[in-house]
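Here are my comments on the model you sent round. They are numbered so that you can reply point by point.

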Amino acid sequence: MSFLLMISHGIDRLNQMVGKFTTWLILATTLISAGNAIVRKAFDSSSNALLEIQWYLFAAVFLLGAGYGLLKNSHVRIDFVSGMLSPRMRNWIDFWGILLALFPFCAICIYLTWPLFMQAYNTGEMSSNAGGLIRWPVYALVPAGFALLMLQGLSELIKRLAFLMGTGEDVLSSEEAMSDEEKELLELEKLAQQSLGAR
């Protein structure tokens, strides 16, 4: 199990790096969008390439950042139901959800989008807009994003299995897995308890 946990840790580091990289893409998208708007208003000029690169970067943030979202446990889940379940039950639900829903979904998406990427790459497909960009890089983001999500799913599966076998921690209950709102609520609860204890 320790070898599998090492693999999980490596996948986590990969998606952590990709996730941090996508935050810079958000900044780049914002700057390009603002620059394009200023040029359009001030000089009555615009560039289709700049408009399209915004869309490409925006797509990259969501597609490449999906694995990071799963790592940080920021995906949608029905917390008020899962909060009533035992830690073992929550981990079993995640285990089977990853195995029976996430993996097949990612595999199907990769299988269906890889030929589109290859066709665009081989033909050198360009945007139909004047001055537009080449299309294969944005097509490549789709299978790459789902591959990163699938890898993170493997990492999460290993962590759930380790907990269920008694050789790992419950990452669903750890503070690192909490959303920012949950962390703030926990901090407020601690402050309230401290102020009550001081009286």
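1. Setting aside residues within four places in sequence, Arg40 is in contact with Ser45 and Ser46. Arg40 belongs to helix H1, which covers residues 2–43. Its relative accessibility is 37%, so Arg40 counts as partly exposed, since the partly exposed class lies between 20% and 50%. Please bear in mind throughout that this is a predicted model.

2. Asn36 is also found in helix H1. Asn36 has a relative accessible area of 2% and is therefore buried. Apart from neighbours within four places in sequence, Asn36 is in contact with Ser46, Ser47, Leu50, Leu51 and Gln54. Ser46 is thus listed for Asn36 as well as for Arg40.

3. The pairing of H1 with H2 deserves its own point. The axes of H1 and H2 come within 9 Å and cross at roughly 155°. Angles over 145 degrees count as roughly antiparallel, and H1 and H2 are therefore roughly antiparallel to each other. Their crossing is left-handed. On the H1 side the contact is made by Val18, Thr22, Leu25, Ile26, Ala28, Thr29, Ile32, Ser33 and Asn36. The H2 side supplies Leu50, Leu51, Ile53, Gln54, Leu57, Phe58, Ala60, Val61 and Leu64. By class, these residues divide into 13 nonpolar, five polar and no charged. Asn36, from the previous point, is one of the H1 residues in this contact.

4. Helix H2 (residues 48–64) also packs with H6: their axes come within 8 Å and cross at roughly 15°. That angle makes H2 roughly parallel to H6, because angles under 35 degrees are classed that way. H2 passes H6 in a right-handed crossing. From H2, the contact uses Tyr56, Ala59, Ala60, Leu63 and Leu64. From H6, it uses Val138, Leu141, Val142, Ala144, Gly145, Phe146 and Leu148. The contact of H2 with H6 has eleven nonpolar residues, one polar residue and no charged residues. Ala60 and Leu64 of H2 appear in this contact and also in the contact with H1.

5. What span should H6 have, at 1.5 Å a residue? The 29 residues of H6 should span 42 Å, and its end C-alpha atoms are 42 Å apart, which agrees. Just after H6, Gly166 takes a positive phi of about 85°.

6. Is Glu156 buried or exposed? Glu156 has a relative accessible area of 2% and is therefore buried, the cut-off being under 20%. Glu156 lies in helix H6, residues 136–164. Leaving out neighbours within four places in sequence, Glu156 is in contact with Asp12, Leu70, Leu71, Ile98 and Val171. A text that discusses H6 should mention the buried state of Glu156 alongside this set of partners.

7. Finally, the chain as a whole. It has seven helices and zero strands, and along the sequence it follows the pattern α-α-α-α-α-α-α. Of its 199 residues, 31% count as buried. Among contacts between residues at least 6 apart in sequence, 73% join residues at least 24 apart.

Notes: Residues numbered from 1 in each chain as written. Predicted model: local features only at pLDDT ≥ 70, side-chain atom pairs only at ≥ 80, totals over all residues. Heavy atoms only, no water. Helix = DSSP H or I, 4+ residues; strand = E, 2+ residues; numbered from the N terminus. Buried < 20%, exposed > 50% of the residue type's maximum accessible area, 1.4 Å probe, protein only. Contact = heavy atoms within 4.5 Å. Expected span 1.5 Å × (residues − 1). Axes fitted to C-alpha atoms, helices over the stretch in contact; angles between N-to-C directions. Parallel < 35°, antiparallel > 145°, perpendicular 65-115°, else oblique. Left-handed = near helix turned anticlockwise from the far one by under 90°. Nonpolar A, V, L, I, M, F, W, Y, C, P; charged D, E, K, R; others polar.
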